[in-house]
Amino acid sequence: MKKLVLMIFACIIAAPSAMAKDRYISDNLFTYMHSGPSNQYRIIGSVNAGEKVSLVANNKETGYSQIVDNRGRKGWIATNFVTTQESMTTRLPRLEKELAEVKAKLANANEHANKEKAGLIDSLETRNSQISELEKSYAEMNQQLTASQTEVRNLRAKLDTQKDDLLLKYFTYGGGVAGIGLLLGLILPHIIPRRKRSPAGWA
C-alpha cells in the first residue's frame, strides 16, 4: 500500500513536468523567480532574458506562471514575462547567421555574374575582332577583284587594238602587193621586148 501511494505521488509530481510547454523569457535583462505565485513569496533566483523555460502552470488570479528553467529550478514569475516567441537574444544570432549566409550567397552570385559578364565581353570583343578582320579581308579582296577586272578590260582593249592594227597591216600589205603586181603587170610588157615570130609560127 505504501508503495502504491509513493507511485501515485511520483506520478502527480511528474505529470506537470510531462505536460510542460516550451516558453521563453521576454526581452528584459532578467526577471526574479519566486517560490510561489506572487511577488509576496521569497525570491529563489532569477532568469535571464531570452532563456528557454518550460511552462508548468498558470495562476490567472495572481498573474504568475510556474516554470522550470534550464538548470532544473522550478519557480514562479510574472506571466507577462513569459512569451511563446523566441526573444531577440535567441533569434538575433540565428538571424545574423542567416544574413551572413545570404550575403555570402549574394556575393557568390555577383562574382559568378561578373565572371559571366567578363566572359561575354571577351567573347563579344573576339567576335568583333573577327568581324573586323573579315571585313578588312573582304575589302582587300574586293579591291583586288576591281583591279583584276580593270586589268582584264585594259588587256581586252589592247588586244582589240592589236587586232585592228593587225587587220590594218594585213590590208595594207595586201593592197601594196596587189598594187605592185598590177604595176608590174603594166610595166613589164613594155620593158621586156617581144620575140618575133618565125614563118613557121614558132618564136
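Mentor: Buried means under 20% relative accessible area, exposed means over 50%, and partly exposed is anything in between. Keep in mind that this is a predicted model.

Trainee: Okay, is aspartate 69 buried or exposed?

Mentor: Start with the cut-off: a residue has to be under 20% to count as buried. Aspartate 69 has 5% relative accessibility, so its label is buried.

Trainee: Which residue forms a salt bridge with aspartate 69?

Mentor: Side chains of opposite charge can pair when their charged atoms come close. For aspartate 69, the closest N and O atoms of the pair are 2.7 Å apart. The partner has 24% relative accessibility, so it counts as partly exposed. That salt-bridge partner is arginine 73.

Trainee: How many salt bridges does the structure hold?

Mentor: You've just met the one between aspartate 69 and arginine 73. There's also one between glutamate 111 and lysine 115, with the closest N and O atoms 3.6 Å apart. For the structure, the number of salt bridges is two.

Trainee: Where do glutamate 111 and lysine 115 both lie?

Mentor: They sit four residues apart, about one turn of the helix. Glutamate 111 is partly exposed because its relative accessible area is 41%, while lysine 115 is exposed at 57%. Both of these residues lie in helix α2.

Trainee: What relative accessibility does leucine 186 have?

Mentor: Leucine 186 is found in helix α2 too, which covers residues 88-191. Along with Leu182, Leu183, Ile187, Ile191 and Ile192, Leu186 makes a nonpolar surface patch of about 600 Å². Leucine 186 counts as exposed, and that calls for over 50%. Its relative accessibility is 53%.

Trainee: Let's move to the strands. Which strand holds histidine 34?

Mentor: Histidine 34 is buried, since its relative accessible area is 7%. Not counting residues up to four places away in sequence, it touches several others, including Asn39, Ile44, Tyr64 and Trp76. The strand runs over residues 30-34, and it is β2.

Trainee: Which residue's backbone oxygen does the side chain of histidine 34 reach?

Mentor: Tyr41, Arg42 and Ile43 are among the residues that histidine 34 touches. The backbone oxygen in question is reached at 2.8 Å. It belongs to tyrosine 41.

Trainee: In which sense do strands β5 and β6 pair?

Mentor: Strand β5 covers residues 64-68, and β6 covers residues 74-78. Across the pair, glutamine 66 stands opposite tryptophan 76 in β6. The two strands pair over five bridges, and the sense is antiparallel.

Trainee: Which residue in the hairpin of β5 and β6 takes a positive phi?

Mentor: Look between the two strands of that hairpin, where there are five residues. The positive phi is near 85°, and the residue that takes it is glycine 72.

Trainee: How many residues of strand β6 are buried?

Mentor: To be buried, a residue must be under 20% relative accessible area. Strand β6 is mostly covered, and out of its five residues the buried number is four.

Trainee: Zooming out, what percentage of the protein chain's residues count as buried?

Mentor: The chain has two helices and seven strands, in the order α-β-β-β-β-β-β-β-α from the N terminus on. It exposes about 16800 Å², with carbon and sulfur atoms supplying 61% of that. Of its 203 residues, the portion counting as buried is 15%.

Conventions
Residues numbered from 1 in each chain as written. Predicted model: local features only at pLDDT ≥ 70, side-chain atom pairs only at ≥ 80, totals over all residues. Heavy atoms only, no water. Patch = residues over 30% accessible without salt bridge, like charges linked within 9 Å, V, L, I, M, F, W, Y side chains within 5 Å. Areas by Shrake-Rupley, 256 points an atom, 1.4 Å probe, with all protein chains shown as cover. Salt bridge = Lys/Arg side-chain N within 4 Å of Asp/Glu carboxyl O. Buried < 20%, exposed > 50% of the residue type's maximum accessible area, 1.4 Å probe, protein only. Polar contact = N/O pair within 3.5 Å; in protein donor to acceptor, adjacent residues only side chain to side chain. Contact = heavy atoms within 4.5 Å. Pairing = 2+ DSSP bridges.
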